[in-house]
Structure formats: C-alpha cells, structure tokens
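Thank you all for coming; I would like to walk you slowly through one structure this morning. Please look at the picture first, and then we will go from one residue outwards to the larger elements.

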Amino acid sequence: MTIAFVFPGQGAQTIGMGKALAEAYPVAKAVFDEVDAALGEALSQLVWEGDIETLTLTQNAQPALMATSLAAMRALEVEGVSIDKAAFVAGHSLGEYSALAAAGAISVADTARLLRTRGQAMQSAVPVGEGAMAAILGLDLEAVRAVAEEAAQGEVCQAANDNDPTQVVVSGAKAAVERAAEIAKEKGAKRAVMLPVSAPFHCALMQPAADVMAEALADVAITSPAVPLIANVRADAVTDPDEIRKLLVEQVTGSVRWRESVQSMAAKGVTEFWEIGAGKALSGMIRKIDRNLTSRQVGTAEDVAAITAG
C-alpha cells in the first residue's frame, strides 16, 4: 500500500474545526498558537467560537484551513505517523500551501502570512460582483473548455478547477460565467451551479493577485519538501524550491488540475489517500476519479486515534 497525504481547499471550513485536536494534543494547539502569533490576531478564537460568515472570508478561511490541517499532521506525528509515511503530498488550491508546510518546505508562520496575503490579494483583484464561478456537473474537461470559449464573448471565462470526471468549475467575468452555465445545460450538463464565492479564482482576472504573490513569495525561505509535491498547475511531482515558488505564483491564475493530479499519483503507485484536515470533499472527488483508490479522513482526534489503533 502506497499512501499520499492530500490537503483540502476553501469551502471545507467549519466553526470548531481543529478544537478537539488542540485539546487532545498540545502540539496541535501549538500550531494554532503559532498561526495566531504570525498573523498578530486570535484567528483560533474565530475558528473555534466565531461566526461562519467571518471565517468564510477568503483572508480568514485560507490560513484557518491550513492551521487545521497542520494541527492534524502534528497529532499524527505524535502518534508515530510522520510525513515520510506518504510517497507524495498534494493540496487543492490553498491546500497546496498546507501540503508544503506539512512537508517542511515552508514554515508554519510563513505559510500563515502567505495565505493571509493570498486571501486578501485574491479578494481585492476583482471588485465584488464583477466575477463569478460555476460548477458544471456531467461534462468532461474538454467539453467545459469548449463551453467556456463559446461563453467568453470577449470576456474572461476559463475552466478553473478540473475536480473529477463529473465536475469542472468555470471562472471569470460574471456575465460570461452565467452564459457558460446556460450553454453547459444546453450541451447536456446535468446541472450548472453558480458558486457562493466572493471572487473568480484561478482565472486570468486573478493576475493582480499573482503579482502580489510573486513579490510575497520572493521574500520567503522555501526548501525541498521531505516528500515530493504534486503541483496543482502541473499535475506532476516537484521538489526544487525555485520551481515550487514559480508554480505557486502560476497557481493563482492557473487551473487546479486535481483529477490529473490524483491520476498522476495513482500511476506512480499510490493506492490510498489520507485527507488531512477539515471535511471530506477531496475523498469524494478521489472516489469519482478512480473507484480502485481508497481514502480516509484525518481531521479529528477520533480520526487520528482510529488510524493509530489500526
């Protein structure tokens, strides 16, 4: 059995995530303390006792989800499961930062600050209401790319997330994305769902945010990860720090090639995926990508106990 550790992206956040882990494992609480100190605010208090609307703001959700993932990782380490149990790490969008922090390529404090900057930059790149995203269900990537091209009509409209064989997300100018949703249904999509997001992520409209991240990443120490990263925009393994830095910038405007990333890991011998952190969205995608792959969630103290008992 070959294992990959994968880390969730935005949308998995819930109030209270990671709290039981922090209560059960001092090393898990230390992660939240380190993130609070890096940001100069009590983000952990928002995560555990705040309101979901504030937590869901991009600038809060991104570091909060990373902190929860790293808390789970530290709890696993206490129980004897280290990062080198995995053959690869990967993350969905912001989860790529969690993966790199878990693999020791970027410090937790630097990762928290980068994600706060990334969240703010992505939010401010496009005025609220001018961009949108929609999940197209029941059409494959090539079909959705054709839909996006037809819908663009001079505006930005791109396939942003290739999540699994049944779901591709389009992103871009609001009117163009709305056109894409209608065209997709005409082309046989089962559903086209406008997503409740505050900005059009992973498309060309995010270029101002990519510029901000290029500057922010230039000042951060990045080392080779303990295990290879399967990068979002390449869907293949990378270990070189300079390449990782470059790909993290490209990721802001580039597509999240999650389906291909999972297939790449499977082709390299991975048979089991551990979803480290909040929720189980990635596990659901993995099952749709390849029924022969298994997955398990590691986001609570009970999950950690179940793995170490097994």
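**Starting from one serine**

Ser69 touches Phe7, Pro8, Ser98, Ile276 and Gly277, if we leave out residues up to four places away in sequence. Before I go further, please keep in mind that this is a predicted model. Ser69 itself lies in helix α5, which covers residues 58–78, and because its relative accessibility is 0%, Ser69 counts as buried.

Two of those contacts lead us to other elements, and I will take the strand before the helix. Strand β1, residues 3–7, is mostly covered, with five of its five residues buried. If you look at its two faces, you find Ile3, Phe5 and Phe7 on one side, and Ala4 and Val6 on the other, and all of these are buried.

Which strands is β1 joined to by bridges? On the one hand, five bridges join β1 to strand β2, residues 86–91, and the two run parallel; within this pairing, Ala4 has Phe88 of β2 as its bridge partner. On the other hand, four bridges join β1 to strand β9, residues 272–276, again in parallel, and here Val6 stands opposite Glu275. For those new to this, strands of a sheet pair through backbone hydrogen bonds, either parallel or antiparallel.

Now to the helix that holds Ser98. Helix α6, residues 95–102, is also mostly covered, since eight of its eight residues are buried, and Glu96, Tyr97 and Ser98 are among them. After α6 comes Gly104, whose phi is positive, near 80 degrees.

**The antiparallel sheet**

Let us move to another part of the chain, where four strands form an open sheet in the order β4-β5-β3-β6, with antiparallel pairing. Which strands stand at the edges? They are β4 (157–164) and β6 (191–194), and each has a single partner strand, so one side of each is left without a neighbour in the sheet. From one strand to the next, the twist averages 25 degrees.

Inside this sheet, β3 (residues 131–137) and β5 (residues 167–173) pair in the antiparallel sense over seven bridges, and one example is Leu137, whose bridge partner in β5 is Gln167. Two helices lie across these strands: α8, residues 141–152, lies across β3, β4 and β5 and runs at about 160 degrees to β4, while α9, residues 174–186, lies across β3, β4, β5 and β6 and runs at about 145 degrees to β5.

**Two helix pairs**

I will finish with helices that pack against each other. Helix α2 (residues 26–39) and helix α7 (residues 108–124) pack at an angle of about 55 degrees, with their axes 9 Å apart, which means that α2 is oblique to α7. The crossing is right-handed, and the residues that meet are Val31, Glu34, Val35, Ala38 and Leu39 from α2 and Val108, Ala109, Ala112, Arg113 and Arg116 from α7. Sorted by class, this contact has seven nonpolar, no polar and three charged residues.

In the second pair, the axes of α12 (residues 258–267) and α13 (residues 281–289) come within 10 Å and cross at roughly 70 degrees, and α12 and α13 are therefore roughly perpendicular to each other. Here Trp258, Arg259, Val262 and Gln263 in α12 meet Leu282, Met285, Ile286 and Ile289 in α13, a contact with six nonpolar, one polar and one charged residues.

Conventions
Residues numbered from 1 in each chain as written. Predicted model: local features only at pLDDT ≥ 70, side-chain atom pairs only at ≥ 80, totals over all residues. Heavy atoms only, no water. Axes fitted to C-alpha atoms, helices over the stretch in contact; angles between N-to-C directions. Parallel < 35°, antiparallel > 145°, perpendicular 65-115°, else oblique. Left-handed = near helix turned anticlockwise from the far one by under 90°. Contact = heavy atoms within 4.5 Å. Nonpolar A, V, L, I, M, F, W, Y, C, P; charged D, E, K, R; others polar. Buried < 20%, exposed > 50% of the residue type's maximum accessible area, 1.4 Å probe, protein only. Pairing = 2+ DSSP bridges.
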